[in-house]
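Trainee: Could you take me on a close look at one part of this model, the packing around a core residue, and then lead outward from there? I'd love one connected account rather than a list.

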Amino acid sequence: MAAPSSPFINGVPELLILRLLRDQEMYGYELVQQIRSATKDQLILAEGVVYPVLHGLERDGALRTRRQTVNGRSRVYYSVTPAGAERYAGISAQWRQLTATIANVLGAPDDARSVG
Amino acid sequence: MHDPLDELTESLLRGGLSPSRVHRYTRELSEHRQDIAEHLQSEGMDPGAALREAQRRLGNLESLSLPMLIDARFRSRAHRLPAMFYVALPLFMQVVAWSACLITFIAAATLWRDATMEYASLVPLLWLAAPVLIGWTMLALAAHRRTRAHWPVIGVAAGSVAAVVIRPTITPPLADLPGELSLAMASPALLPLVVLLLVALLPLSILRFERPAQ
């Protein structure tokens, strides 16, 4: 059975995209390869779904784009704006807090969780 | 050959995304698919299988269309405010076109008095041409955006009625007499209104519009 969709998981592509684009500008295909490489192929998603996230972040002012023709192919390169860097800092702090909280719950003894 | 991205384009346009957004999105997806296919071919896969695998990795129609359709930020202004885009904006453009027409006439009457008579006879024609040309443009835009026809048709009707109700009267200046330019409102004459409407709505016979859901 497929795992149910979770709002936590839905935020993952945005977090990864902002993190990877913080280091260097990339176009979509390059970015997906970086995600696969950075997550050691543990995070498999339909590759096309990065584009709605990229377009949404661009619309919010978190990313900027520039178009460049490389070997006859028109590429749209994305990079993080100062607003995007701020957004990344906020989301990653939330994410760290969330994972720490979940780790605490998972690491707690069984009797501590069954109280109440 | 059937391309799933064509189906995606239709689905997104019908969902109210602007054509420029849709074309950029599908172009990026197409480039991405080509990148995957080229990579797979470089690893020895045959072109047909590489393209099928690239399409699978890209995602299906639902996974590619849904994130764009559910996000209201991607909807075009024309989709969100159809009355403004297809009725108010064309009427405003018509007023601007009429104003430009009258200002040009006044300038012509002042600077090139010899041409005034010819231009004075052109003004009523330009007056009626404005709603027709604007109407054709708006109908073409609506078809390109896969919009239903009712808002653009209302816009064309409003422009045509305005053109028949508000009429310019021009008396060109003569040698020692000043000219006169006036605007009058009259109840619309039925025949000119019907003819104007038929001409302005002519693109409906060749353009493809969305039909209301049954």
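Mentor: Happy to. Let's begin at Leu54(A), which, once neighbours within four places in sequence are set aside, is in contact with Ile17(A), Leu21(A), Leu31(A), Leu63(A) and Tyr78(A). Please keep in mind throughout that this is a predicted model.

Leu54(A) and one of those partners, Leu21(A), are the residues with the most contacts inside the largest nonpolar core, a set of 32 residues. Both chains build this core: helix 2 (12-23), helix 3 (28-38), helix 4 (50-59) and strand 2 of chain A each supply at least two residues, and so do helix 1, helix 2 (19-42) and helix 4 (61-70) of chain B. The biggest contribution is that of helix 2 of chain A, which gives five residues. In soluble globular proteins, nonpolar side chains tend to be buried together. A second core, separate from this one, has 27 residues, among them Leu102(B), Ala130(B), Val132(B) and Ala162(B).

It helps to place the first core within chain A as a whole. Chain A has six helices and two strands, and along the sequence they run α-α-α-α-β-β-α-α. Of its 116 residues, 34% are buried. Among contacts in chain A with a separation of 6 or more, 47% join residues 24 or more positions apart. Between strand 1 (63-70) and strand 2 (73-80) of chain A there is a loop, and Asn71(A) sits in it. Asn71(A) has a positive phi, near 50 degrees, although it is not a glycine. Is Asn71(A) buried or exposed? Asn71(A) is exposed, because its relative accessible area of 77% is over the 50% cut-off.

Now follow the core across to chain B, starting with helix 1. Asp3(B) caps the N-terminal end of this helix, with a side-chain oxygen 2.9 Å from the backbone nitrogen of Leu5(B). Within helix 1 of chain B, the buried residues include Leu5(B), Leu8(B), Leu12(B) and Leu13(B), and also Thr9(B), Glu10(B) and Ser11(B). After helix 1 of chain B comes Gly16(B), which has a positive phi near 100 degrees.

Another place where the chains touch is Arg57(B), in helix 3 (residues 47-58) of chain B. Apart from residues up to four places away in sequence, Arg57(B) touches Gln33(A), Arg36(A), Ala46(A), Glu47(A) and Gly48(A) from chain A, along with Ile36(B) and Leu40(B) from chain B. Arg57(B) counts as buried because its relative accessible area, 13%, is under 20%.

The empty spaces add to the picture. The structure holds two cavities of 30 Å³ or more. The largest cavity contains about 110 Å³ of space; it is lined by 14 residues, and those closest to its centre are Ser74(A), Arg75(A), Val76(A), Glu28(B) and Glu31(B). Helix 3 and strand 2 of chain A and helix 2 of chain B each supply at least two residues of that lining, with helix 2 of chain B giving the largest share, six residues. By class, the lining of the largest cavity divides into seven charged, four nonpolar and three polar residues.

The second largest cavity has a volume of about 40 Å³. Helix 6, helix 7 and helix 8 of chain B each give at least two residues to its lining, which includes Pro90(B), Pro131(B), Ile134(B) and Val156(B). The lining of the second largest cavity has four nonpolar and four polar residues, and no charged ones.

Finally, there is an open space to visit. The second largest pocket holds about 240 Å³, and of the 16 residues lining it, Arg14(B), His79(B), Arg146(B), Thr147(B) and Arg148(B) lie nearest its centre. Helix 1 (4-14), which we met above, supplies at least two residues of this lining, as do helix 5 (77-80), helix 6 (82-111) and helix 8 of chain B. Six of the lining residues are nonpolar, five are polar and five are charged. Arg146(B) deserves a pause: it is in the loop between helix 7 (116-144) and helix 8 (150-165) of chain B, and its phi is positive, near 55 degrees, in a residue other than glycine. Arg146(B) counts as buried because its relative accessibility of 17% is under 20%.

Methods:
Residues numbered from 1 in each chain as written. Chains lettered and ligands numbered in written order. Predicted model: local features only at pLDDT ≥ 70, side-chain atom pairs only at ≥ 80, totals over all residues. Heavy atoms only, no water. Helix = DSSP H or I, 4+ residues; strand = E, 2+ residues; numbered from the N terminus. Buried < 20%, exposed > 50% of the residue type's maximum accessible area, 1.4 Å probe, protein only. 1 Å grid on protein atoms, 1.4 Å probe; cavity = no way out; pocket = protein on both sides within 12 Å on 5 of 7 lines; lining within 4 Å. Points joined across faces, edges and corners; volume = space filled by probe spheres on them. Nonpolar A, V, L, I, M, F, W, Y, C, P; charged D, E, K, R; others polar. Contact = heavy atoms within 4.5 Å. Core = buried A, V, L, I, M, F, W, Y, C linked by side-chain atoms within 4.5 Å. Polar contact = N/O pair within 3.5 Å; in protein donor to acceptor, adjacent residues only side chain to side chain.
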